[in-house]
Amino acid sequence: AGAGQLVSEQFNVTALVGVGLTSLGLLVAINWGIDSILLVNKFLVPILMCTGSGISIATIFSCLRDSGSSVLVAPQAQGSWLLSSILYVSYNSMIALTFLAPLGGESQSEGAAKGGGWLGGLILGVASNLIAIALYLKGNTVLESQLPMLILARGHGPMVEGIYVFS
């Protein structure tokens, strides 16, 4: 869905084009086997982590510099936050497991696998918090957007936006 929205916004075509291209790329990677999925992840994940974290850090510093940022005023939550958080974590964990499970066989030892899990979790946690803080600081500017990180990237100029779009 994100790829469809991105292609729709950037190239003024239907969102189905982006979804189709993403699906085609995924099918090609799956048909080439687990090694191709690992190769794609080794390439894309660091790029996505660096661009997302970099844009977030730049946004945080620009908000600290400018006193006119619009901090998000969150509406009162409806329903059970506990159930919602459990469902969210469960859903995302299942998706992550399908990509991360094959990595277990790639590790040199159990200790290396555990160390990699802890390090990866730490890096992901730091990056997630940077993104959350940046989105919070930009507040209502990104609240209604389907691609809030693209809005943050756009705020740092066309070159940063282009890097983010193609990462």
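A salt bridge is a side-chain nitrogen of Lys or Arg within 4 Å of a carboxyl oxygen of Asp or Glu. The legends below apply this term and others to a predicted model, in which local features need pLDDT of at least 70 and side-chain atom pairs count only at pLDDT 80 or more, while totals for chains, interfaces and linings use all residues. Residues are numbered from 1 along each chain as its sequence is written, and side-chain values use heavy atoms, with hydrogens and water left out.

**View 1. The salt bridge between Glu 161 and Arg 154.** The side chains of Glu 161 and Arg 154 meet at 3.0 Å, N to O. Glu 161 counts as buried because its relative accessibility is 13%, buried meaning under 20% relative accessible area, exposed over 50% and partly exposed in between (1.4 Å probe, protein chains only). Arg 154, at 35% relative accessibility, is partly exposed. Side chains of opposite charge can pair when their charged atoms come close.

**View 2. The salt bridge between Glu 110 and Lys 114.** The structure holds two salt bridges, and in this one the closest N and O atoms are 3.2 Å apart. Glu 110 and Lys 114 are four residues apart in helix 5, so about one helical turn separates them. Both Glu 110 and Lys 114 are exposed.

**View 3. The whole chain as a succession of helices.** The protein chain has seven helices and zero strands; these elements are DSSP runs numbered from the N terminus (helices: H or I, at least four residues; strands: E, at least two). Along the sequence the pattern reads α-α-α-α-α-α-α. The chain has 167 residues, of which 18% count as buried. Its accessible surface comes to about 11700 Å², and 70% of that surface belongs to carbon and sulfur atoms; such areas come from the Shrake-Rupley method with a 1.4 Å probe, and for residues only the protein chains shown count as cover. Among contacts between residues at least 6 apart in sequence, 65% join residues at least 24 apart, a contact meaning heavy atoms within 4.5 Å.

**View 4. Confidence along the chain.** The mean pLDDT of the protein chain is 82, and 87% of its residues reach 70 or more; pLDDT is the predictor's confidence in each residue, from 0 to 100. Among the elements, helix 4 (residues 81-100) has the lowest mean pLDDT, 75, and helix 6 (residues 148-154) the highest, 91. Where pLDDT is low, the predicted coordinates should not be read in detail.

**View 5. Ser 53 in helix 3 and Ser 128 in helix 5.** Helix 3 spans residues 34-65 and contains Ser 53, whereas Ser 128 lies in helix 5, residues 110-138. The two serines are 75 residues apart in sequence, yet their C-alpha atoms are 8.2 Å apart in space. Ser 53 is buried, with a relative accessible area of 15%. Leaving aside residues up to four places away in sequence, Ser 53 touches Ala 127 and Leu 130. Ser 128 is partly exposed, its relative accessible area being 39%.

**View 6. The loop between helix 1 and helix 2, with a nonpolar surface patch.** The loop between helix 1 (2-11) and helix 2 (15-31) holds Val 13, and Asn 12 has its place in this loop too. Although Asn 12 is not a glycine, its phi is positive, at about 55°. Asn 12 is exposed, with a relative accessible area of 72%, whereas Val 13 is partly exposed at 36% relative accessibility. Phe 11, Val 13, Val 17, Leu 21 and Phe 166 make a nonpolar surface patch of about 510 Å². Patches are made of residues with over 30% relative accessible area and no salt bridge, like charges being joined within 9 Å and nonpolar side chains (Val, Leu, Ile, Met, Phe, Trp, Tyr) within 5 Å.

**View 7. Gly 2 and Gln 146.** Gly 2 belongs to helix 1 and is partly exposed, with a relative accessible area of 38%. Gly 2 and Gln 146 are 144 residues apart along the chain, and 7.7 Å separates their C-alpha atoms.

**View 8. Cys 50 and Cys 63.** Cys 50 is exposed, at a relative accessible area of 57%, while Cys 63 is buried at 8% relative accessibility. A search of the whole structure finds zero disulfides, a disulfide being a pair of cysteine sulfur atoms within 2.5 Å.
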